[in-house]
Amino acid sequence: MADWRQTSRLNFGYSRSRYWLKIPIFNSSSGDSDWLLEFGYPLIQIIHFHQFAGAKQVAGYETGRLLTFKSRPVSYRNFLFNFSVPKGIRSDLYIMIESVGTVLAPMAIYTRDAFLSQSVQKTAAIGVYCGIILAMVLFNLFQGGGYRQESARPGLHESLPRHGL
């Protein structure tokens, strides 16, 4: 059993190990806070999310790539977890990640409004990228369709002048 240690590097490389992450949260705002924790790597095989306020478990989820999409607390391309922290309360998030292969844990915590804003921007960027790829595929299909009869059109080697020795 390893001790807790602080790290800013959440890339554990190629591993079959199970990693536990602890994230302390304190709500110093004037009201209750609703947050979303996003894991930006959707290939994690198993993720357990636990939120504790003191010794009491407030929330718990189990999801991952090996489980059905319905096991995700929020239907989204990455793993999202809802959690709330009442005003003046300290809460600890415990996250267990396990995967065979590369273990990455890129995380971000958002308010609901901030998440919606960045999600729209990312989705638009993905749409533009996919549109460009689709346009390139269609262009190549239509361009290649005109060259089906090789005998009707001379190739490059047939149209060049020949110089004998």
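Start with glutamine 45, which sits in the loop between β3 and β4. You might expect a loop residue to be out in the open, so is glutamine 45 buried or exposed? Its relative accessible area is 13%, and because anything under 20% counts as buried, glutamine 45 is buried. Bear in mind as you click around that this is a predicted model.

What does glutamine 45 touch, once its neighbours within four places in sequence are set aside? One group of partners is Thr63, Gly64, Arg65 and Leu66, and the list also takes in Glu98, Ser99 and Val100. Take arginine 65 from that list: it is 20 residues away from glutamine 45 in sequence, yet the two C-alpha atoms are just 4.5 Å apart. Valine 100 is tied in through a polar atom of the glutamine 45 side chain, which lies 3.0 Å from the valine's backbone nitrogen.

Now zoom out to the whole chain. It has nine strands and two helices, and if you read along the sequence you meet the pattern β-β-β-β-β-β-β-β-β-α-α. Contacts that reach far along the sequence are a big part of the picture: among those with a separation of 6 or more, 74% join residues 24 or more positions apart. Of the 165 residues, 27% count as buried. The chain exposes about 11,700 Å², with carbon and sulfur atoms supplying 59% of that area.

Next, the inside. The largest nonpolar core has 19 residues, and the ones touching the most other members are Phe39, Ile47, Ile95 and Ile97. Strands β2 (18–26), β3 (33–39), β4 (46–53), β6 (79–85) and β7 each put in at least two residues, with β6 giving the most, four. Phenylalanine 39 is a good place to look around: leaving out residues up to four places away in sequence, its contacts include Ile44, Ile47, Phe79, Phe81, Ile95 and Ile97, and also Ala105, Pro106 and Met107. Apart from this core there is another one of five residues, including Tyr76, Leu80, Tyr110 and Phe115.

Two more strand residues are worth a visit. Alanine 59 belongs to strand β5 (residues 56–63) and is buried, at 15% relative accessible area. Beyond its neighbours within four places in sequence, alanine 59 is in contact with Phe49, His50 and Gln51. The C-alpha atoms of alanine 59 and phenylalanine 49 are 7.8 Å apart, with their positions 10 residues apart along the chain.

His50 and Gln51 turn up again around aspartate 92, a residue of strand β7 (residues 90–98). With near neighbours in sequence (within four places) left out, aspartate 92 also contacts Lys22, Ile23, Pro24 and Phe52. How accessible is aspartate 92? Its relative accessibility is 10%, so it counts as buried. Its side chain makes a polar contact of 3.3 Å with the side chain of arginine 90.

Finish on the outside, with helix α1 (residues 112–145), where you'll find leucine 141. In contrast to the residues above, leucine 141 has 56% relative accessibility and therefore counts as exposed. Leucine 141 is part of a nonpolar surface patch whose members also include Val128, Tyr129, Ile132, Met136 and Phe142. Together, the residues of that patch have about 1,000 Å² of accessible area.

Terms used:
Residues are numbered from 1 along each chain as its sequence is written. This is a predicted model: local features need pLDDT of at least 70, side-chain atom pairs count only at pLDDT 80 or more; totals for chains, interfaces and linings use all residues. Side-chain values use heavy atoms; hydrogens and water are left out. Buried means under 20% relative accessible area, exposed over 50%, partly exposed in between (1.4 Å probe, protein chains only). A polar contact is a pair of N or O atoms within 3.5 Å; within protein, one must be able to donate a hydrogen and the other to accept it, and residues adjacent in sequence count only if both atoms are side-chain atoms. Contact means heavy atoms within 4.5 Å. Accessible areas come from the Shrake-Rupley method with a 1.4 Å probe; for residues, only the protein chains shown count as cover. A nonpolar core is a set of buried Ala, Val, Leu, Ile, Met, Phe, Trp, Tyr and Cys residues joined through side-chain atoms within 4.5 Å. Patches are made of residues with over 30% relative accessible area and no salt bridge: like charges are joined within 9 Å, nonpolar side chains (Val, Leu, Ile, Met, Phe, Trp, Tyr) within 5 Å. A salt bridge is a side-chain nitrogen of Lys or Arg within 4 Å of a carboxyl oxygen of Asp or Glu.
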